[in-house]
Amino acid sequence: MPRKIVPGLPSREQILEFIQTSDTPAGKREIGKAFGLKGQERIALKRLLKDMAEDGLIDGKKTAFHRMGGVPKVTVLRVVDVDDGEAIAVPDAWHPDDATPPPRLRVIEGKKQAALKVGDRVLARTEETGSGWTAHSMKKLPARDDAILGVVELDGSGKGWLAPVDKRVRNSSPIADLGGAEAGQLVLAEAAGRSPRAGVKVVEVLGDPLAPRSYSLIAIHKYGIPHTFREEALAEAEVAAKLPFSEEQREDLRHLPIVAIDPADARDHDDAIWAEPDGEGGFNAVVAIADVSFYVRPGGMVDREARRRGNSAYFPDRVVPMLPEVLSADVCSLKEGADRAAMACHLHIDSHGRVKDWRFTRALVRISEVMAYEDAQARIDSGEAGENLRNLWAAWRVLFKAREARDPLELELPERRVILDERGRIAEIAIRERLDAHRVVEDFMIAANVAAAKALESKASPVVYRVHEPPSREKLIALRDYFASIGKKLALGQVITPSLFNRMIKDIADEGEKALVMEAVLRSQTQAYYGPQNAGHFGLSLGSYAHFTSPIRRYADLLVHRALVDSFHLEQPKPKGNLPPASGLSEKDREDLSKVTEAISQTERRAMEAERDTIDRYVAAWLSGRVGETFKTRITGVQSFGFFATIVGLGGDGLVPVSSLGREYFRYDEAARALVGEDTGTRFAVGDMIELRLGEANPLTGALKFERIDGEGGQRIEPRGARPEAKKKPPFKKPQGPRGRPGNIRHQGRGRKK
């Protein structure tokens, strides 16, 4: 018989131990007797046993419970890995301190369901087969973010509280288990129980939250970006890096003075370009792209890791690469003076800038020079550029004619750049300058991307399109209503094209108003995505578009390369060693390209949000020493609870709560996106320039809070009439927290849509 049990409601672990060690069948009666339970404790035991049965820990039979070796026939699963497009999940309610590890189930997804990603929860029907557990997904459940990133705070009694770093989470949580963490440390925590009253427990200590390199780490953990490679993938990458390519089966382009023009701090170089006149006003050009598909084979461990990431993520202090560094920063990178395997796109551009012909080959290149955008531009401007650069600029001017003819959407919105010193501290936050050198490279890349899409279409091959659909009617109606509020017209009866928006922007002389209209147009746009069905690219005014030029950092480009390998028979000899043999599309992707394109569209959005959050934290850290100063700002968003403003020339959105605007009642005009004072007619609207005082800057959340300066700011309009004094809203009073509890980190959202 098992050892004597201490009276009192037992834990799950104690119940499982009792069932496993009992010599006789253990039912509810036997368990209650063994633990000496009476009255309400037996009622609580009944609820606990029911929960354990639902979680798959016991079989749920009322007469005698048995510990289960698996999971219930229908249960909730959480995806913990996506291996070569196949989701692997564990029971969602399995506790990490259970005596046995959770079973891993292979999830078979429904044909109409969206591709699963790590962290997704599904209701599934399960079965045990000879090869292990299998789950058939029945329904995808709403997301539940169990992992909480925050800073440990201790109150006067020594009790721990977790102040979350996510500005969307407003309240601190009690810490049930510090897990060795100390006050002020950045930690990863999870719920300690099903009830919110159970608090959280610390599962990982991450260190100093205000260390120079912590801000990107916060975003990486918050968004679940994979940032470490499995040992098997690293080992396979080392083998692939030594893979010799056949010079005989590659076009030798080493005689061409091809150049790579990149950011000054770039660690990898995907692309390089060359052009020369054709004697008839046009140009012959080569866009050479790293031949990643030769080294990263479908189904291999490196491929699985790349697929899981979907893309590289770029932060001011680090890069989370899609590929191991031995590939991304070494053998695949087009380094100066080194022989490199490349996928070459040969273009013939006529005198009107139209690409009249193209072909794709696997090539051997030797980059003559790697230069920064600024250096290339300086040489052109000073007249010291060599013939290869002069030819590139001349070819670009021809390409620019075709660009002007199709008139793609031109929204020149400032991009913030965080510059760090050698110790990782913020040296400067500046607006990234846009040079002709950027446009030269961009237009060559666009031409190659279009050629890749059309080349695959000509072979009726699968294409991973980059799709940007026109604005939806709902967004256009909202845009029309907003334009009407600022005295502009948008007729919805006409065909909506990028040219229409460009003409509206070009006709505006005032820079502040122009920025306002550009942001409104940006908000009306749909989110671009990857997909196997072509719907064109509205923003670029292109009928067919695919990403081909960055396979080191985007999985979509790698898929396009593989499709080109198949379509134009560019396969090299089979590699020796333990590597998959083919470098074309896998049969699985060929049959169902929609699953992987949906997954990489999601990873792209994940990386963008993480990068944006990190920039916000750096900006807040930069401004934290300037609290109390006055800044020139522009209102970027208005809601019923206040308005958001951004510092001109720097960025960083902050909230001005309506409660801080005084005793006057402000009416929210949704169509005009404005707050209007009922008594004085004071108006705060999107686009208004206003002087504000910085009240708070929180580096942990990236949140800023502004204050109106002594009642100043806002445009006066004729009031609609005095609002009765009795109906005025009382001044806002901040609620008081529990005695001894530390103040929460304040969190405010942003008003501008990205």
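Trainee: Let's start with R403: is it buried or exposed?

Mentor: Good place to begin, and keep in mind that this is a predicted model. Buried means under 20% relative accessible area. R403 has a relative accessibility of 9%, so it counts as buried.

Trainee: Which residue forms a salt bridge with R403?

Mentor: Look for a carboxylate, since side chains of opposite charge can pair when their charged atoms come close. For R403, the closest N and O atoms of the salt bridge are 2.8 Å apart, and the partner is D443.

Trainee: How many residues apart in sequence are the parts that R403 and D443 tie together?

Mentor: The salt bridge joins R403 to D443. R403 belongs to helix α10, while D443 belongs to helix α11 (residues 436-458), so the parts tied together are apart in sequence by 40 residues.

Trainee: And D443, is that buried or exposed?

Mentor: Use the cut-off again: under 20% relative accessible area is buried. D443 comes out at 7% relative accessibility, so it counts as buried.

Trainee: Where do E305 and R308 lie?

Mentor: Their side chains meet in a salt bridge, at 3.0 Å from N to O. E305 is buried and R308 is buried as well. They are 3 residues apart, about one turn of the helix, and both lie in helix α7.

Trainee: What is the N to O distance in the salt bridge of R693 and E707?

Mentor: Here the side chains of R693 and E707 meet, with an N to O distance of 3.5 Å.
R693 sits in strand β30 (residues 689-698) and E707 in strand β31 (residues 703-708), so this pair ties together parts 14 residues apart in sequence. R693 is partly exposed at 23% relative accessible area, and E707 counts as partly exposed at 35%. To come back to your question, the N to O distance is 3.5 Å.

Trainee: How many salt bridges does a search of the whole structure find?

Mentor: The pairs we have discussed are part of a longer list, including R403 with D443. Over the whole structure, the number of salt bridges found is 38.

Trainee: Turning to the surface, which element gives the largest share of the positive patch?

Mentor: The patch gathers K28, R29, R42, K46 and K50. Two elements give two or more residues to it, α2 (28-34) and α3 (40-54). K46 is in α3, and with 53% relative accessibility it counts as exposed. The largest share, 3 residues, comes from α3.

Trainee: Which elements do the buried residues of α13 pack against?

Mentor: Of the 9 residues of helix α13 (residues 498-506), 7 are buried, so the helix is largely enclosed by the rest of the structure. Those buried residues are P498, S499, L500, F501, N502, M504 and I505. They pack against α10 (387-406), α12 (473-485) and α14 (511-524).

Trainee: Last one: which residues does T134 touch, leaving out those up to four places away in sequence?

Mentor: T134 is in strand β5 (residues 132-141). Its relative accessible area is 3%, so T134 is buried. Leaving out residues up to four places away in sequence, T134 touches L105, R106, I108, R125, T126, E127 and T129.

Methods. Residues are numbered from 1 along each chain as its sequence is written. This is a predicted model: local features need pLDDT of at least 70, side-chain atom pairs count only at pLDDT 80 or more; totals for chains, interfaces and linings use all residues. Side-chain values use heavy atoms; hydrogens and water are left out. Patches are made of residues with over 30% relative accessible area and no salt bridge: like charges are joined within 9 Å, nonpolar side chains (Val, Leu, Ile, Met, Phe, Trp, Tyr) within 5 Å. Accessible areas come from the Shrake-Rupley method with a 1.4 Å probe; for residues, only the protein chains shown count as cover. A salt bridge is a side-chain nitrogen of Lys or Arg within 4 Å of a carboxyl oxygen of Asp or Glu. Lys and Arg count as positive and Asp and Glu as negative; His and the chain ends are not counted. The place of a charge is taken as NZ of Lys, CZ of Arg, CG of Asp or CD of Glu. Helices (H or I, at least four residues) and strands (E, at least two) are DSSP runs, numbered from the N terminus. Buried means under 20% relative accessible area, exposed over 50%, partly exposed in between (1.4 Å probe, protein chains only). Contact means heavy atoms within 4.5 Å.
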